[in-house]
Amino acid sequence: MKKHFPFACILLLTMVFTKTYGQEKSVPWSDEQLMAPAKLAIILADSSEQSWPLIIAVNPDGMHGLPFKGGVKGSKWFGPAQDKTNLDSLKTYLEPLDRDAAIVFYCGCCPFDMCPNIRPAFHLFQEMGFTDFKLLNVPQNLEIDWMEKGYPMKIE
């Protein structure tokens, strides 16, 4: 038993450092599944609201000390996707949609590798069979990668 203790400790530490709040740290999305903020900003500026993709926010309320939900213009806020109730609400909302609907989702609470919300949402879109969903590429956070660039905001 004592011979296996160091191995067990190393295994446990490896598991802890490769997971963040119960989520894998690996990247489940491909480069093609990321949307550059500048591209979405152009879509929002040059198109009528009817031609915008569905924009889903899975971030905490009042993020970065801001008094509004979501943040990106045109987004529909569902709350942190790490919360099963919020994820279930998102699933219920998505169920009647065509599986080829254009969807962009984001959190932006923190860097991608630490975010507890984007992976559950990403996996939900996959499990439900959506084929045209993108993760807004805000690898640091919404403030740095969207707001500081002057991209369109929504205020509730």
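Analyst: Two strands pair if DSSP finds at least two bridges between them, and the strands themselves (E, at least two residues), like the helices (H or I, at least four), are DSSP runs numbered from the N terminus. The model is a predicted one, in which local features need pLDDT of at least 70 and side-chain atom pairs count only at pLDDT 80 or more, whereas totals for chains, interfaces and linings use all residues. Residues are numbered from 1 along each chain as its sequence is written, and side-chain values use heavy atoms, with hydrogens and water left out.

User: How many helices and strands does the protein have, and how do you know their order?

Analyst: The secondary structure comes to five helices and seven strands, and reading from the N terminus the elements run α-β-β-β-α-β-β-α-β-α-β-α.

User: What makes strand 4 and strand 6 a pair, and in which sense do they run?

Analyst: Strand 4 (residues 54–57) and strand 6 (residues 103–106) share four bridges, and since at least two are asked for, the strands count as paired, in the parallel sense. One contact of this kind can be found in the structure at alanine 57, whose bridge partner in strand 6 is tyrosine 106. Strand 4 also pairs with strand 5, again in the parallel sense, over three bridges, and isoleucine 55 stands opposite serine 75 of strand 5.

User: What is the strand order of the open sheet, and what makes a strand an edge strand?

Analyst: The open sheet has five strands in the order 3-7-6-4-5, with parallel pairing. Strand 3 (34–35) and strand 5 are its edge strands, for each pairs on one side only. Helix 3 packs on this sheet and touches strand 4, strand 5 and strand 6, with its direction at about 170 degrees to that of strand 4. Helix 4 lies across strand 4, strand 6 and strand 7, and runs at about 160 degrees to strand 6. Such angles run from 0 to 180 degrees between N-to-C directions of axes fitted to C-alpha atoms, for helices over the stretch in contact, where contact means heavy atoms within 4.5 Å.

User: Why is the ring pair of phenylalanine 78 and tyrosine 93 called what it is called?

Analyst: Rings of Phe, Tyr and Trp (its six-membered ring) pair if their centres lie within 6.5 Å, and planes under 30 degrees apart count as stacked, over 60 as edge-to-face and the rest as tilted. A search of the whole structure finds eight aromatic pairs. In this one the centres are 5.2 Å apart and the planes stand at 55 degrees, so the pair of phenylalanine 78 and tyrosine 93 is tilted. Because phenylalanine 78 lies in the loop between strand 5 (75–77) and helix 3 (84–94) and tyrosine 93 in helix 3, the pair ties together parts 15 residues apart in sequence.

User: Are phenylalanine 78 and tyrosine 93 buried or exposed, and how do you know?

Analyst: Buried means under 20% relative accessible area, exposed over 50%, and partly exposed in between (1.4 Å probe, protein chains only). Phenylalanine 78, at 9%, is therefore buried, whereas tyrosine 93, at 31%, is partly exposed.

User: What makes the pair of phenylalanine 122 and phenylalanine 133 the kind that it is?

Analyst: Here the centres are again 5.2 Å apart, but the planes stand at 65 degrees, so the pair is edge-to-face. Phenylalanine 122 belongs to helix 4 (residues 118–127) and phenylalanine 133 to strand 7 (residues 133–136), so the pair ties together parts 11 residues apart in sequence. Phenylalanine 122 is buried at 0% relative accessibility, and phenylalanine 133 is buried at 5%. Ring pairs link both of them with Trp29, Phe105, Phe112, Phe125 and Phe130 into a cluster.

User: Why do cysteine 107 and cysteine 109 not count as a disulfide?

Analyst: A disulfide is a pair of cysteine sulfur atoms within 2.5 Å, and the closest cysteine sulfur to that of cysteine 107, in cysteine 109, is 3.5 Å away, too far for a bond. The sulfur of cysteine 110 is 3.3 Å from that of cysteine 109, its closest, which is also too far. A search of the whole structure finds zero disulfides.
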